[in-house]
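The following paragraphs lead a new reader through a protein model, from its overall form to individual residues. Please keep the sequence and the structure in view while reading.

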Amino acid sequence: MEEQKKKVILSGIQPTGVFTLGNYLGAVRNWAQMQEDFHSAYMIADLHALTVRQEPADFRKRILSCYALLLACGVDPDKSVVFIQSHVPAHAQLGWVLACNTQFGELSRMTQFKDKAAQHADNINAGLFTYPALMAADILLYQADLVPVGVDQKQHLELTRDVASRFNGIYGNTFTLPEPYIAKEAKIMSLADPLKKMSKSDPNPNGCITILDEPGTIVRKFKRAVTDSETEVCYREGKDGINNLMTIYAAVTGLSMDQITADFAGRGYGDFKAAVGEVVAEHLRPVRERYADLMNNKDYLTECYRKGAEQAARIAHRTLEKVYKKVGLLPA
Ligand code: AQP
């Protein structure tokens with residue numbers, strides 16, 4: 001009985017690089033916790049990553065290694081459907097139908113399109129523009145009730161809801177309208193520029209902690225983190241570097257900001273930075289170890305992603321068939 005009441009959640013991550021501490025604390029770590037309370041589906045969003053040019057041989061390896069990283073972070077293929085987006089053709093198929101039900105004007109308003117177009121001025125491709133229609137397909141195929149997203153993805157989710165309710169209005173009830181599930185965890189900022197989000201594709205390696213960095217590298221990067229000219233470890237407006245380090249320390253240790261301030265009173269930034277580096281290195285140790293074991297067992301990974309694709313395809317196909325029928329396509 002309890003089982004039936006569980007809500008459906010779906011989320012994804014692009015295989016554009018090794019997951020950062022931001023991806024981990026802001027998203028993936030929570031996914032592992034959420035799979036206990038929801039029917040959850042998690043995917044490696046490889047089709048989305050194609051909106052930026054990828055080197056094919058590297059990309060292929062990265063897709064597998066990101067899949068292993070998801071499992072290493074605690075996403076459990078026995079509790080969740082864990083799959084690779086391109087292995088379930090229904091995503092691209094529904095993406096097309098939804099693109100035909102999404103307006104040019106709506107897509108033009110997406111801030112991520114504007115940002116990425118500015119970042120990759122030499123490759124402003126149609127996929128970058130229609131990305132939100134594919135993202136709507138990812139979500140609507142699984143009739144997801146909730147989508148855990150960062151604040152940056154809220155606009156896309158609103159568009160998904162608009163497209164779904166328009167489709168439901170024209171063709172009759174087809175899609176569940178998903179709600180955003182904004183994790184309370186804060187955004188993790190770059191260590192080199194605390195006004196910028198920590199990102200997988202940041203060209204500056206010192207700004208970014210990846211979850212596979214060696215302990216020595218992690219400690220070194222934290223020691224170099226940009227702070228300010230004061231000395232007191234406290235969370236206050238304008239102290240962006242220290243605020244970011246405190247956010248990370250709190251997320252890893254579970255301590256409150258006040259406790260952290262009290263613990264480091266009179267000790268200065270040097271001690272604090274070293275302490276943050278050490279707790280993060282220690283926290284990520286089991287993830288790194290699990291990842292190494294998984295990458296030594298490619299047969300197991302293949303078995304998992306194939307099983308995930310089968311499970312996902314079964315659910316996705318039901319929705320796709322319904323949609324094809326509603327829009328009037330002739331059954332094959
Ligand atoms: N710095 C961050 N702090 C908190 N959460 C973050 N997320 C990303 N960066 C931070 C969350 O991670 C999830 C997966 O993100 P994605 O792969 O879809 O791409 P993204 O948000 O664009 O992440 P990156 O690392 O910045 O990738 P690139 O460099 O390829 O653009 C999302 O839930 C996101 O909110």
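How many helices and strands are there in the protein chain? The model, which is predicted, holds 14 helices and five strands in its protein chain. The radius of gyration of this chain is 21 Å, close to the 20 Å that the globule rule gives for 332 residues, so the chain is as compact as a globular protein of that length. Measures along the principal axes complete this view: the C-alpha trace spans about 75 × 45 × 45 Å.

The interior and the surface may be considered next. Of the 332 residues of the protein chain, 49% count as buried. The area that the chain exposes is about 16100 Å², and carbon and sulfur atoms supply 52% of that area. Contacts within the chain frequently link distant stretches of sequence: among those between residues at least 6 apart, 75% join residues at least 24 apart. As for charge, the chain carries 39 positive and 39 negative charges, and the mean positions of the two sets are 4 Å apart.

These charges lead to the salt bridges. A salt bridge is counted here when a side-chain nitrogen of Lys or Arg lies within 4 Å of a carboxyl oxygen of Asp or Glu. By this rule the count comes to twelve salt bridges. One of them joins Glu106 and Arg166, whose closest N and O atoms are 2.5 Å apart. Glu106 belongs to helix H6 (residues 104-108) and Arg166 to helix H9 (residues 154-171), so this pair ties together parts that are 60 residues apart in sequence. The two partners can also be described by their accessibility. Glu106 counts as buried, at 9% relative accessibility, whereas Arg166 is partly exposed, with a relative accessible area of 27%.

Which residues are linked with Glu230 in a network of salt bridges? The network consists of Asp228, Glu230, Glu232, Arg236 and Lys239. Within this group, Lys239 forms a salt bridge with Glu230, and the closest N and O atoms of that pair are 2.9 Å apart. Lys239 is buried, with a relative accessible area of 2%, while Glu230 is partly exposed at 37%. Another bridge in the group runs between Arg236 and Glu232, with 3.7 Å between the closest N and O atoms. Arg236 counts as partly exposed at 37% relative accessibility, and Glu232 is likewise partly exposed, with a relative accessible area of 44%.

From charged pairs the account turns to the strands. Is Val82, in strand E3, buried or exposed? Strand E3 comprises residues 81-84 and includes Val82. At 1% relative accessibility, Val82 counts as buried. Leaving aside neighbours within four places in sequence, Val82 is in contact with Tyr42, Tyr67, Leu70, Leu71, Val75, Asp76, Pro77, Cys304, Tyr305 and Gly308. A further distance helps to place this residue: Val82 and Val8 are 74 residues apart along the chain, and their C-alpha atoms are separated by 14 Å.

Leu146 offers a second view of a strand, as this residue lies in strand E4. Leu146 is buried, with a relative accessible area of 11%. Not counting residues up to four places away in sequence, Leu146 touches Lys7, Val8, Ile9, Leu10, Phe38, Glu179 and Tyr181. Leu146 and Arg60, by contrast, are 30 Å apart in space from C-alpha to C-alpha, with a separation of 86 residues in sequence.

Two loop positions conclude the tour. Gln143 lies in the loop between helix H8 (126-141) and strand E4 (146-149). The backbone of this residue deserves a look: Gln143 has a positive phi of about 50° although it is not a glycine. Gln143 is buried, with a relative accessible area of 18%; the cut-off for that class is under 20%.

Where is Asn297 placed? Asn297 is found in the loop between helix H13 (268-295) and helix H14 (298-327). Asn297 is partly exposed, with a relative accessible area of 37%. Although Asn297 and Ala68 are 229 residues apart along the chain, their C-alpha atoms are separated by 9.8 Å.

Methods: Residues numbered from 1 in each chain as written. Predicted model: local features only at pLDDT ≥ 70, side-chain atom pairs only at ≥ 80, totals over all residues. Heavy atoms only, no water. Helix = DSSP H or I, 4+ residues; strand = E, 2+ residues; numbered from the N terminus. Buried < 20%, exposed > 50% of the residue type's maximum accessible area, 1.4 Å probe, protein only. Rg over C-alpha atoms; globule rule 2.2 N^0.38 Å. Contact = heavy atoms within 4.5 Å. Areas by Shrake-Rupley, 256 points an atom, 1.4 Å probe, with all protein chains shown as cover. Lys, Arg positive; Asp, Glu negative; His and termini not counted. Charge placed at Lys NZ, Arg CZ, Asp CG, Glu CD.
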